[in-house]
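Colleague: Got a minute to walk me through this one? I'd like the basics before I open the viewer.

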Amino acid sequence: MALGGPSRTSVDTGLLILRSSGLFLLLTFGWQKLFRLVQLIYAGESLSSAGLALLIRDAGIPAPALGYVYVTLSESILALLIALGLFTRLSAACAALRMAGAFYFSLRVGEEPLRAALYLLLFGALALTGPGRFSLDHLRRPAAI
Amino acid sequence: MNSRPSAERLTNSGLLLLRIGSGLSLALLFGLPKLSAAAAYLHTGQPWPFVDFNRKLGIPAPVLIAYYQSLNESLVALVVACGYYTRVAALSLAIGFAAATLCSLKVGEPSWLAAACYCLMFATILLTGPGRFSIDHLLKSRSKQNP
């Protein structure tokens, strides 16, 4: 490798940067969706009637309210867990699954699928690489990282 | 990277996925169209919107920067996908996409999100290196066997 082989610290820093994609998703989309979900729950409105749930229902996916909660939590709570490096592989796998759904849905309705595809790639890679040492998972189970 | 062989294999698989996904998607979706526009600009003098965009932003040497980024998003992206001179290539792409993110933000284009995602991916590859499933690793192993 032209820059020399990476040290372990360098690899872990790289994985920390990769995990910052979770924070990025949370700040750009996740918190808005979470805020909206909390608003709906406090207002006592049916989650099935939310805009995103209607889109999910129109796509023919069963249990649109559940799907809506899953999408919202994937882009907020799971994204935060990825950024913190807590339950990273599981969180990243769930978030990647959500992004695979978003990618399929974007292609189906003719929307721009690139963003979903890039997040699918980021979270899919994280589900495989794991969080690295600069993570809460490492503090929790040092031997496993 | 990791003491356990299976975990190390997973990490290397993740890096392979990241390299191939980011490199190929970039080259096929953006790089090759830019390269073809660059060739048309060079040979027939056709207008190139990328150069106009650079001029509009006041970027110095707009034509040179347009060629650099076109090569970055095509050939250099393919080099990253193959895992050859990976860290140098990833450095060039990370710089290119950091600049692209700033430029897109400056003009208020929604494409800044995709540029930022690419920037994150190439910054990661710059630091982690390509992993075992790469030409770099193959060449390194061979040079160790035949010093």
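Modeller: Here is a quick run through the folds, one helix pair, a surface patch and the salt bridges.

Modeller: This is a predicted model, where local features need pLDDT of at least 70, side-chain atom pairs count only at pLDDT 80 or more, and totals for chains, interfaces and linings use all residues. Residues are numbered from 1 along each chain as its sequence is written, chains are lettered from A and ligands numbered from 1 in the order written, and side-chain values use heavy atoms, with hydrogens and water left out.

Colleague: Fine. How many helices and strands in chain A?

Modeller: Six helices and zero strands. Helices (H or I, at least four residues) and strands (E, at least two) are DSSP runs, numbered from the N terminus.

Colleague: And chain B?

Modeller: Chain B has six helices and zero strands. Its elements run α-α-α-α-α-α from the N terminus.

Colleague: What box do the C-alpha atoms of each chain fill?

Modeller: Along the principal axes, roughly 55 × 35 × 25 Å for chain A. For chain B, roughly 55 × 30 × 25 Å.

Colleague: Now packing. At what angle do α3 and α4 of chain B cross?

Modeller: Roughly 145°, and the axes of α3 (residues 62–82) and α4 (residues 86–107) come within 9 Å. Axes are lines fitted to C-alpha atoms, for helices over the stretch in contact, with angles from 0 to 180 degrees between N-to-C directions.

Colleague: Which residues make the contact?

Modeller: Contact means heavy atoms within 4.5 Å. Among them are B:Tyr68, B:Asn72 and B:Val76 of α3(B), and B:Ala89, B:Leu93 and B:Phe97 of α4(B).

Colleague: Switching topic. Which residues make the nonpolar surface patch?

Modeller: B:Ile20, B:Leu24, B:Leu28, B:Leu29, B:Leu32, B:Leu71, B:Leu75 and B:Leu78, about 670 Å² in total. Patch residues have over 30% relative accessible area and no salt bridge, with nonpolar side chains (Val, Leu, Ile, Met, Phe, Trp, Tyr) joined within 5 Å. Areas come from the Shrake-Rupley method with a 1.4 Å probe; for residues, only the protein chains shown count as cover.

Colleague: Which helix gives the most?

Modeller: α1(B), with five residues. B:Leu32 is in that helix, α1 of chain B.

Colleague: Last one. How many salt bridges over all chains?

Modeller: Eight. The cut-off is a side-chain nitrogen of Lys or Arg within 4 Å of a carboxyl oxygen of Asp or Glu. One pairs A:Glu75 with A:Lys33, at 2.8 Å, N to O. A:Glu75 lies in α3 (residues 64–84) of chain A and A:Lys33 in α1 (residues 8–43) of chain A, so the pair ties together parts 42 residues apart in sequence.

How values were computed: Patches are made of residues with over 30% relative accessible area and no salt bridge: like charges are joined within 9 Å, nonpolar side chains (Val, Leu, Ile, Met, Phe, Trp, Tyr) within 5 Å.
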